[in-house]
Amino acid sequence: MKTPCIPSPKQGSKGRGQSPAAQFAIPASRMEQLNELELLMEKSFWEEAELPAELFQKKVVASFPRTVLSRGMDNRYLVLAVNTVQNKEGNCEKRLVITASQSLENKELCILRNDWCSVPVEPGDIIHLEGDCTSDTWIIDKDFGYLILYPDMLISGTSIASSIRCMRRAVLSETFRSSDPATRQMLIGTVLHEVFQKAINNSFAPEKLQELAFQTIQEIRHLKEMYRLNLSQDEIKQEVEDYLPSFCKWAGDFMHKNTSTDFPQMQLSLPSDNSKDNSTCNIEVVKPMDIEESIWSPRFGLKGKIDVTVGVKIHRGYKTKYKIMPLELKTGKESNSIEHRSQVVLYTLLSQERRADPEAGLLLYLKTGQMYPVPANHLDKRELLKLRNQMAFSLFHRISKSATRQKTQLASLPQIIEEEKTCKYCSQIGNCALYSRAVEQQMDGSSVPIVMLPKIEEETQHLKQTHLEYFSLWCLMLTLESQSKDNKKNHQNIWLMPASEMEKSGSCIGNLIRMEHVKIVCDGQYLHNFQHKHGTIPVTNLMAGDRVIVSGEERSLFALSRGYVKEINMTTVTCLLDRNLSVLPESTLFRLDQEEKNCDIDTPLGNLSKLMENTFVSKKLRDLIIDFHEPQFISYLSSVLPHDAKDTVACILKGLNKPQRQAMKKVLLSKDYTLIVGMPGTGKTTTICTLVRILYACGFSVLLTSYTHSAVDNILLKLAKFKIGFLRLGQTQKVHPAVQQFTEQEICRSKSIKSLALLEELYNSQVPAPEQVEKGGVSNVTEAKLTVFLTSIFVKAGCSPSDIGIIAPYRQQLKIINDLLARSSIGMVEVNTVDKYQGRDKSIVLVSFVRSNKDGTVGELLKDWRRLNVAITRAKHKLILLGCVPSLNCYPPLEKLLNHLNSEKLIIDLPSREHESLCHILGDFQRE
């Protein structure tokens, strides 16, 4: 086995990076081949490569504007020429003339043998090489060395593993990123990962696992996902808890045993082991080293987050090896599949950026607690890196020129596979068929597997030719925009340029030392304070709100964390980051690099994909946007404006000029959309602000959005003066300081929102009135408070307490209402169940329905239509119903009643937080 050696930038071109031992290790036959190659190069090969230097320089500047050619660990070579030949044995070889010189001098030779000949490398490409370089010649074959194509394009290990079965699916997933739908399984998987990661740093005791699961499910980001997917918090909690016994089993098997033989026996042969050694061993997980370790690898063109990095002891007889390995967690079916194992192998490559080669990783299935060791041998790494190169080639060459007309067009994607079963459950089947029909089938000489044509037709038959052309055009436009020189998202300056050099541009600060303790702000956010090693921070363009990537000054610490600059002055920088960097030594020097603004085409490409879906909403949008159907408008304002809002709207309109009032009217009458166009300074912001006020007064829910945060905040600052309630969505760090108190994050934190019901109330901008289910029964404290408040108003208005009746279906609710009445000065009001009011009546009756939940449970008592009939027929003069309309609508008789009340304008939505201003009526008890 040859000893790999990374070229050193400090040595000359001859035998760079080669230790004497490694040089002598090269077999004589190989040296003879090298001598022959040198002779060949002297005679003719260089002459073939003598193409105009400006041709390559032009391509490099256009395609790789920021790449710095260099030797060393992160070497970058420019390919000058590619020649395919047959060697003496009759085997195919691909010979590359390469240079690491910006002037294109000092050429070297790279010989690709065996399957490496299939790498789609072209003149003008940038490559990275791993292996031996002797006499200016690299040899990459099946046993030794790697070639990485476009190494500054970092591709995730997950994407590469998914390309094993279908390269086309992997490329589509990278292209249409935001179109991959989030699912229940993905959410449960995320929660389970977090519970396990917290437990491995804490305890796997059953009661502790229950506590960690409960806390994790209450985190606001998970509640938001449950809300979006319309899931039940209790059901998610139950499903997560089903996994916890397996967590305990795994910890009991692999951690904290007395002797090495107590650990499970497994089969694992490391590449460095003697092949004669017995592969049977006992594996012990000693301790966690890191959680969600984010690693970028400019050597292998990879990136990824390792679920758990663990210290592992491999006990084999009387010998013990200690390794730091990646532990990959899987929540689905225990398959030990090639995709899962490949992910682990790729993570061993990533790990080499931070520490010694782990040589293997671990694959754990959380549902069963079964763990598999995965050795990372050269063959597996070689094949996965070749897949990575194929994927990089497809992603880089998304634009091509047509052969006949030299017209710029979208390039073909990797071939459609002929596996109906794989395609049936593919998340990208819609985009695959769409791209085939709209783009590839319009090309000369395109071919589609016959067996897949019916599936493509089925997926796209709802689309007209105009729709396909629209997709093709805008997919091309967005791809061109993303590939333009000014919009390329490149982070390679972090590994190719020292901080001292980047500081000159003002987009980087180096030599930073972490000071003070790291403060945990909330879910996954950590407040860090940095100080410059030499005191004063150099002049910089960085400012509060900027996105940054934090790296160590050491080469092994690229992209440790991402986040925002919160505050910056002459001596310190305060950042809100997604990882806690206090685990690193205090002496660690950091650098902050501004995360470059790029043309984000993920969102518009995702929207373009959704626009083509076979749904009612997408069809209507296609009619309006692509087929130019005229927007429809209602004929009369009276059918839109609520009667009680007309005076308010008239008052608001007084402050506008005639064109602005006409715009308001058009919007109010609109059924589809209205475009308001105005030159700068004509009052568009004022018009939008006024429009929101009017829509708010009419009882509409309004979503205000814009291309920039400042544009949204400028309008919200105006709305705040008119006491218009709003919920500001988006990253708090990007929001105007005066608006931050209204952000979703701040409100959730201040109100300690830890349940789906409370979050839903926040989003619906209604009074948060969730039910509570306890041993004593079902109750709703907010409804109870409002019931007593309204009762007090009637008494103050002159009604006798004996003429008022309060009805609730649950005894626990009656108890709470009676307690509230006892602490007030209202007097004796009868509070009873529906059954107790049978055959009796009152002048005024208030009914508290109590039930308010996500899953539509109204209980057996409310499902009894006879009881409902009694409840609503007990009032002689006035009936007040208090309840949650979405929950009550789940029961048909109540739905009919509520629909009738709504048609008669008899339902009043209490604005958010309005109930809090009423609580002073009932004294301090109400504020608890």
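**Exercise 1. Work out how much accessible surface the chain has, and what share of it belongs to carbon and sulfur atoms.**

Solution. Keep in mind that we're working on a predicted model.
- Step 1: the accessible surface of the chain adds up to about 46300 Å².
- Step 2: carbon and sulfur atoms own 52% of that surface.
- Step 3: turn to the residues. The chain has 928 of them, and 48% count as buried.
- Step 4: add the secondary structure, with 32 helices and 28 strands in the chain.
- Step 5: finish with contacts. Take those with a separation of 6 or more; 69% of them come from residues 24 or more positions apart.

**Exercise 2. Find the order of the strands in the barrel, then follow strand S18 to its partners.**

Solution.
- Step 1: six strands close into the barrel, and the order reads S17-S18-S21-S20-S19-S22 with antiparallel pairing. From one strand to the next, the twist averages 45°.
- Step 2: pick out S18, residues 525–532. Seven of its eight residues are buried, so call this strand mostly covered.
- Step 3: look at the S17 side. S17 covers residues 508–522 and runs antiparallel to S18, with seven bridges joining the two. Ile-513 stands opposite Gln-531 of S18.
- Step 4: look at the S21 side. Here six bridges join S18 to S21 (residues 572–577), again antiparallel. In this pair, Phe-530 faces Val-573 of S21.

**Exercise 3. Decide whether Ile-513 is buried, partly exposed or exposed, and list what it touches.**

Solution.
- Step 1: place the residue. Ile-513 lies in strand S17.
- Step 2: classify it. Buried needs under 20% relative accessible area and exposed needs over 50%. Ile-513 has 30%, so it is partly exposed.
- Step 3: collect the contacts, skipping residues up to four places away in sequence. Ile-513 touches Asn-529, Phe-530, Gln-531, Lys-533, Glu-586, Thr-588 and Leu-589.
- Step 4: check a C-alpha distance. Ile-513 and Gly-552 are 39 residues apart along the chain, and their C-alpha atoms are separated by 10.0 Å.

**Exercise 4. Identify the edge strands of the open sheet and explain what sets them apart.**

Solution.
- Step 1: write the order. Seven strands form this open sheet as S5-S6-S3-S2-S1-S4-S7, and the pairing is mixed.
- Step 2: read off the ends. S5 (133–134) and S7 (146–149) stand at the edges with a single partner strand each, so one side of each has no neighbour in the sheet.
- Step 3: zoom in on S7. Strand S4 (residues 126–130) pairs with S7 in the antiparallel sense over four bridges. One residue pair to look up is His-128 with its bridge partner in S7, Ile-148.

**Exercise 5. Test the length of helix H11 against the expected span, then judge how enclosed the helix is.**

Solution.
- Step 1: H11 runs over residues 338–351, which makes 14 residues.
- Step 2: at 1.5 Å a residue, the span should be 20 Å; the end C-alpha atoms sit 20 Å apart, so the two agree.
- Step 3: twelve of the 14 residues are buried, so H11 is largely enclosed by the rest of the structure. Among them are Glu-339, His-340, Tyr-347 and Leu-350.

**Exercise 6. Trace what helix H5 packs against, and pick up one link to helix H14.**

Solution.
- Step 1: H5 (residues 167–175) is mostly covered, with seven of its nine residues buried. These are Met-167, Arg-168, Ala-170, Val-171, Leu-172, Glu-174 and Thr-175.
- Step 2: the buried residues of H5 pack against strand S8 (155–156) and four helices: H4 (157–162), H12 (378–396), H14 (429–438) and H19 (602–611).
- Step 3: take Ser-436, which is found in H14. Its relative accessible area is 0%, so Ser-436 is buried.
- Step 4: leaving aside neighbours within four places in sequence, Ser-436 is in contact with Arg-168, Ile-416, Gln-441, Val-448 and Ile-456. Arg-168 is one of the buried residues of H5.

**Exercise 7. Describe the surroundings of Lys-257.**

Solution.
- Step 1: Lys-257 is in the loop between helix H10 (244–254) and strand S9 (265–267).
- Step 2: its relative accessibility is 31%, so Lys-257 counts as partly exposed.
- Step 3: beyond neighbours within four places in sequence, Lys-257 contacts Gly-252, Asp-262 and Phe-263. The Lys-257 side chain reaches the backbone oxygen of Gly-252 at 2.8 Å.

Technical notes:
Residues numbered from 1 in each chain as written. Predicted model: local features only at pLDDT ≥ 70, side-chain atom pairs only at ≥ 80, totals over all residues. Heavy atoms only, no water. Buried < 20%, exposed > 50% of the residue type's maximum accessible area, 1.4 Å probe, protein only. Pairing = 2+ DSSP bridges. Expected span 1.5 Å × (residues − 1). Axes fitted to C-alpha atoms, helices over the stretch in contact; angles between N-to-C directions. Contact = heavy atoms within 4.5 Å. Polar contact = N/O pair within 3.5 Å; in protein donor to acceptor, adjacent residues only side chain to side chain. Areas by Shrake-Rupley, 256 points an atom, 1.4 Å probe, with all protein chains shown as cover.
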